[in-house]
Amino acid sequence: MTLLADTRFATRRRTLAAALAGQRIDSMLITHLTHVRYLSGFSGSNAALLVHKDLSCAIATDGRYTTQIAEEVPDIEALIERPSAQALLKKITGPRRVGYEAAFVSVAELENLQQACGEDVTLVPVTEVVEKIRLIKDPIELERLREIAQVAATAFEELLAAGELAIGRTERDVATDLEYRMRKLGAERPSFETIVASGPNSAKPHHGAGDRVIAAGDLVTIDFGAHGCGFNSDMTRTLIMDHTTDFTAEIYEIVLAAQLAGIDAATPGTALVDVDRACRDIIADAGYGEYFVHSTGHGIGLDVHEPPWAAMTGTGTLEPGMTLTIEPGIYVPGKGGVRIEDTLIITNGAPEIITKINKNLHVV
């Protein structure tokens with residue numbers, strides 16, 4: 001995979017400083033590890049980053065990462081000290097207004113941060129500033145997302161070709177084989193716990209993968225993703241074992257029609273609530289509205305679930321460079337369910353689908 005250029009992190013920090021200027025923030029303390037990685041390139045499990053309004057910055061971690069941080073963040077001198085966030089704050093001389101990521105700092109953590117500050121340093125809660133910058137992916141981010149989506153798609157296709165989704169196997173067996181294949185193809189790990197939900201379990205949107213033995217006539221919903229170089233993929237396919245019934249064929253075709261409508265709606269300038277409505281109306285008109293129990297989609301990148309949100313309560317509109325999943329579903333308790341999910345890149349025209357697996361009704 002293509003390596004990120006160092007200048008991109010400096011550009012992101014510059015954008016952050018500009019966004020904070022209107023809030024009279026002198027410095028911003030970044031403690032959410034995903035955001036530390038986004039703004040610096042550091043991928044360790046402990047770090048904090050301080051970005052000042054003059055674009056100077058400081059980063060801190062502990063001794064486990066002395067070599068790694070020097071390699072990943074060559075443009076920032078690292079402080080090797082723990083606890084890292086407090087160590088950075090102790091270096092600040094005021095008067096200063098220092099923003100902190102309110103959505104990711106607990107009450108106990110805030111007390112620790114305040115104790116580390118000098119008397120003339122004021123901590124100010126800040127929300128959704130980095131998240132808004134992350135909404136629009138740059139070309140290298142998009143390429144990474146394409147690559148990791150292809151890893152997962154290839155693993156799934158190999159799983160089917162090898163006959164590893166089969167009557168008599170357990171959900172756990174299938175999930176294990178799929179995760180193994182993703183790793184063999186280059187994934188560092190699954191993006192999330194792989195879902196293999198069969199028969200009545202397919203009516204549970206986030207079932208997981210248990211010991212149920214897959215049987216003839218089952219709907220089997222497989223929701224999976226691969227993680228690599230910090231980025232994630234996410235897709236879902238539902239298959240039918242051995243034979244269809246009137247019920248399984250009906251709800252499959254309804255969900256597929258809804259999913260295609262959502263993809264068609266995912267164009268620049270479209271309100272996120274309207275993308276959700278495009279899917280939801282088709283399912284509701286078919287008489288299954290009460291069984292579509294979650295939102296239509298979410299962004300994906302360094303996090304599996306990140307803005308934007310296509311939901312009944314969604315706000316904002318789509319722009320080129322955003323990512324969005326389209327994943328409507330029908331879940332009828334005791335009978336079964338169907339979900340079909342693709343990940344899209346929003347472009348100036350029709351969206352680009354990066355989860356390239358056939359989604360026509362497939363009887364295994």
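Me: Ala, Val, Leu, Ile, Met, Phe, Trp, Tyr, Cys and Pro count as nonpolar, Asp, Glu, Lys and Arg as charged, and the others, Gly among them, as polar. How many residues of each class line the second largest cavity?

Reply: The lining of the second largest cavity has 3 nonpolar, 1 polar and 4 charged residues. The residues concerned are Tyr38, Arg134, Lys137, Glu141, Phe231, Gly301, Leu302 and Glu306. The structure is a predicted model, in which local features need pLDDT of at least 70 and side-chain atom pairs count only at pLDDT 80 or more, while totals for chains, interfaces and linings use all residues. Residues are numbered from 1 along each chain as its sequence is written, and side-chain values use heavy atoms, with hydrogens and water left out.

Me: What is a cavity, as against a pocket?

Reply: On a 1 Å grid over the protein atoms alone, a cavity is a set of points where a 1.4 Å probe fits but cannot get out; a pocket is an open set with protein on both sides within 12 Å along at least five of seven lines, and lining residues have an atom within 4 Å of a point. Points are joined across faces, edges and corners, and a volume is the space filled by probe spheres set on them. In this structure, a search of the whole finds 2 cavities of 30 Å³ or more. The volume is about 60 Å³ for the largest cavity and about 30 Å³ for the second largest.

Me: Which residues line the largest cavity?

Reply: Its lining consists of Met28, Glu101, Ala102, Ala103, Phe104, Val126, Thr127, Glu128, Val129, Val130 and Glu131. By class that is 7 nonpolar, 1 polar and 3 charged residues. Helices (H or I, at least four residues) and strands (E, at least two) are DSSP runs, numbered from the N terminus. Helix 6 (residues 129-134) gives the most to this lining, with 3 residues.

Me: Where is the centre of the largest pocket, in terms of residues?

Reply: The largest pocket holds about 430 Å³ of space. Of its 23 lining residues, Glu128, Leu135, Pro307, Pro308 and Trp309 are the closest to the centre. Helix 6 and strand 14 (306-310) each supply at least two lining residues, and the largest share, 4 residues, comes from strand 14. By class, the pocket lining has 8 nonpolar, 8 polar and 7 charged residues. Domain 1 (7-134) and domain 2 (136-353), whose bounds come from an automatic or database domain assignment, each give the lining at least three residues.

Me: Which peptide bond in that part of the chain is cis?

Reply: The bond from proline 307 to proline 308 is cis, with omega near 10°; proline 308 is found in strand 14. Elsewhere, the bond from arginine 82 to proline 83 is cis, with omega near 0°. Proline 83 sits in the loop between strand 4 (78-80) and helix 4 (84-90).

Me: How do I read strand pairing, and what does strand 1 pair with?

Reply: Strands of a sheet pair through backbone hydrogen bonds, either parallel or antiparallel. Two strands pair if DSSP finds at least two bridges between them. Strand 1 (residues 27-30) runs parallel to strand 5 (residues 96-101), joined to it by 3 bridges, and serine 27 stands opposite valine 98. With strand 2 (residues 48-52), strand 1 pairs in the antiparallel sense over 4 bridges, and methionine 28 stands opposite valine 51.

Me: Are the side chains of strand 1 buried or exposed?

Reply: Buried means under 20% relative accessible area, exposed over 50%, and partly exposed in between (1.4 Å probe, protein chains only). Ser27 and Leu29 point one way from strand 1, Met28 and Ile30 the other way, and all are buried.

Me: What order do strands 15, 18 and 19 take in their sheet?

Reply: The 3 strands form an open sheet in the order 15-18-19, with antiparallel pairing. Strand 15 (323-326) and strand 19 (352-353) are at the edges with a single partner strand each, so one side of each is left without a neighbour in the sheet. Strand 18 (residues 342-345) pairs with strand 19 over 2 bridges, and leucine 344 stands opposite isoleucine 353.

Me: Where does phi turn positive in a residue other than glycine?

Reply: Cysteine 229 has phi near 55° and lies in the loop between strand 10 (226-228) and strand 11 (231-232). At 28% relative accessibility, cysteine 229 counts as partly exposed. Aspartate 242 has a positive phi of about 75°, in the loop between strand 12 (235-240) and helix 9 (246-265). At 47% relative accessibility, aspartate 242 is also partly exposed.
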